[in-house]
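Biologist: Could you take one part of this structure and walk me through it closely, in one connected account? I'd like to follow it with the model open beside me.

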Amino acid sequence: MNTFDWLSHMEIPVAQRFDVLEVKFKGGRKEFFRNVNQLDLTTGDFVVCEMQSGHHVGMVSLQGELVRLQMKRKSVVVNDDLKVIHRVADEKDLERHTQTIARDLPTMYRSREIIRSLKLNMKLSDVEFQSDNSKATFYYSSEERVDFRELIKLLATEFRIRVEMRQISLRQEAGRLGGVGSCGRELCCSTWITDFKTISTSAARYQNLSLNPAKLSGQCGRLKCCLNYELETYIDALSHIPKVHAPLKTKKGNAVLQKTDIFKRIMYFSFEKDNNWYPVAAEKVKEILVLNKKGEVPETLEIMVMPEVALAEETKEAGSLSTDLESLDRKYSEANKKKKRKKNRNKPRSKSRNPSGKSGGAKE
């Protein structure tokens with residue numbers, strides 16, 4: 001959720017500095033505040049900010065000319081309506097702030113019990129108390145409209161605060177809670193994504209991915225945002241590959257498309273009673289389609305098979321088969337050696353005898 005300040009090494013006079021700062025709060029929420037008092041602040045300082053009711057403690061996440069660019073990107077206008085920064089947070093402010101953060105989890109658990117008793121179809125994901133304990137924001141997600149008027153009354157009377165209910169999407173919920181994705185890295189929505197774009201199953205079809213919901217969906221239960229990352233590259237590569245809507249007609253039989261290597265521009269076909277796949281270049285497939293439209297039928301696809309691809313696949317299969325056999329031989333040979341060693345250890349040792357057949361013990 002951080003932005004690299006690539007202008008931090010430039011010293012700008014105090015009079016020319018942009019007087020708006022970006023302040024970060026719990027869950028990655030960021031807002032813009034005016035530095036009216038011309039406080040000497042650096043990134044990472046905790047400040048007391050003005051709110052609609054009371055004040056709140058946040059951390060300075062960005063300052064300088066980059067804040068102007070961020071406001072332009074988010075369409076925020078610089079005017080007198082922007083809230084201001086009161087002062088730098090002292091020890092008492094930070095102590096109260098930690099006390100309010102400690103109230104978040106117990107309040108969320110108790111609120112979930114109240115929601116369950118009212119039988120409301122909503123999922124409460126997070127609670128954020130204001131630093132002055134005058135207001136609390138309840139973040140929830142729901143697929144339908146919820147009438148929470150009775151819920152607000154119960155929450156206000158039990159916790160004695162001003163309640164604000166804020167509905168968020170499932171992607172925003174995953175971004176606030178955070179986590180690790182199937183790729184082994186932090187979730188993109190909790191690290192750098194700021195605006196969520198619509199993702200459809202056609203993105204998976206363009207990339208020849210199996211339409212398995214368990215693999216395509218993220219922790220939010222929606223399609224993964226990373227499906228859009230390479231989509232334009234795949235669409236550009238697919239523009240050079242012909243669309244095969246029907247089997248190719250040859251004298252040997254009808255060839256059915258089984259697989260397409262998009263970036264190598266190789267299409268794999270197979271015949272009805274043949275288990276072998278024949279790699280054919282996309283340009284050759286275009287020629288066959290033109291011939292089929294004219295009513296002409298080529299001899300067979302085996303003539304047009306790319307020899308280097310077929311040879312590489314044969315050597316790969318043969319190499320993989322030989323390596324598998326060698327590993328199996330090693331495995332069983334080592335197992336047999338271990339068994340022999342165990343047998344030799346378990347055998348009782350025979351007493352040593354002299355050539356005359358008498359025992360070699362000491363004489364009485």
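Modeller: Happy to! One term first: a residue is called buried if its relative accessible area is under 20%, exposed if it is over 50%, and partly exposed in between. Please also keep in mind that this is a predicted model.

Let's take the open sheet of five strands, together with the helices that pack on it. Reading across, the strands come in the order β2-β1-β4-β3-β5, and they pair in the antiparallel sense. At the edges are β2 (30–34) and β5, each of which has a pairing on one side only. From one strand to the next, the twist averages 45°. If you display the helices now, you will find α1 (residues 65–73) packed on this sheet, where it touches β1 (20–24), β2 and β4. The direction of α1 makes about 75° with that of β1. Helix α2 packs on the sheet as well, touching β3, β4 and β5, and its direction makes about 100° with that of β4.

As general background, the strands of a sheet are paired through backbone hydrogen bonds, in either a parallel or an antiparallel way. With that in mind, go to β4, which stands between β1 and β3 in the strand order. Six of the eight residues of β4 are buried, so the rest of the structure largely encloses this strand. Towards β1, the two strands run antiparallel and are joined by three bridges. One pair to click on is Val 23 with its bridge partner in β4, Val 60.

Towards β3, β4 again pairs in the antiparallel sense, this time over five bridges. Phe 46 has Met 59 of β4 as its bridge partner, and Cys 49 stands opposite His 56, also in β4. Follow the chain from β3 to β4 and you trace a hairpin, with four residues between the two strands. In that turn, Gly 54 has a positive phi of about 90°.

Now for the helices, beginning with α1. Which of its residues are buried? They are Leu 66, Val 67, Gln 70 and Met 71. Looking down the axis of α1, these residues fall within an arc of 140°, so they line one face of the helix. Their packing partners are β1, β2 and β4. As you leave α1, look at Ser 75, which follows the helix and has a positive phi, near 60°.

Helix α2 has twelve residues, 91–102, and here you can do a quick check of the geometry. At 1.5 Å a residue it should span 16 Å, and its end C-alpha atoms are 17 Å apart, in agreement with that expectation. The buried residues of α2 are Asp 93, His 97 and Thr 100. These three cover an arc of only 65° around the axis, which puts them on the same side of the helix. Turn the view to the other side of α2 and you meet Glu 91, Lys 92 and Ala 102, which are exposed.

What do the buried residues of α2 pack against? Part of the answer lies in the sheet: β3 (46–50), β4 (55–62) and β5 (85–88) are among their partners. The others are α3 (104–118) and β6 (123–129). For comparison, the buried residues of α1 pack against β1, β2 and β4. This makes β4 a strand that the buried residues of both helices pack against.

Since β6 has come up, a short step along the chain takes you to Asn 133, in the loop between β6 and β7 (135–141). This residue has a positive phi of about 60° although it is not a glycine. At 34% relative accessibility, Asn 133 counts as partly exposed.

If you want one place to return to, I'd pick β4. It pairs with β1 over three bridges and with β3 over five, and both α1 and α2 touch it.

Conventions
Residues numbered from 1 in each chain as written. Predicted model: local features only at pLDDT ≥ 70, side-chain atom pairs only at ≥ 80, totals over all residues. Heavy atoms only, no water. Expected span 1.5 Å × (residues − 1). Buried < 20%, exposed > 50% of the residue type's maximum accessible area, 1.4 Å probe, protein only. Arc of directions from axis to C-beta. Contact = heavy atoms within 4.5 Å. Pairing = 2+ DSSP bridges. Axes fitted to C-alpha atoms, helices over the stretch in contact; angles between N-to-C directions.
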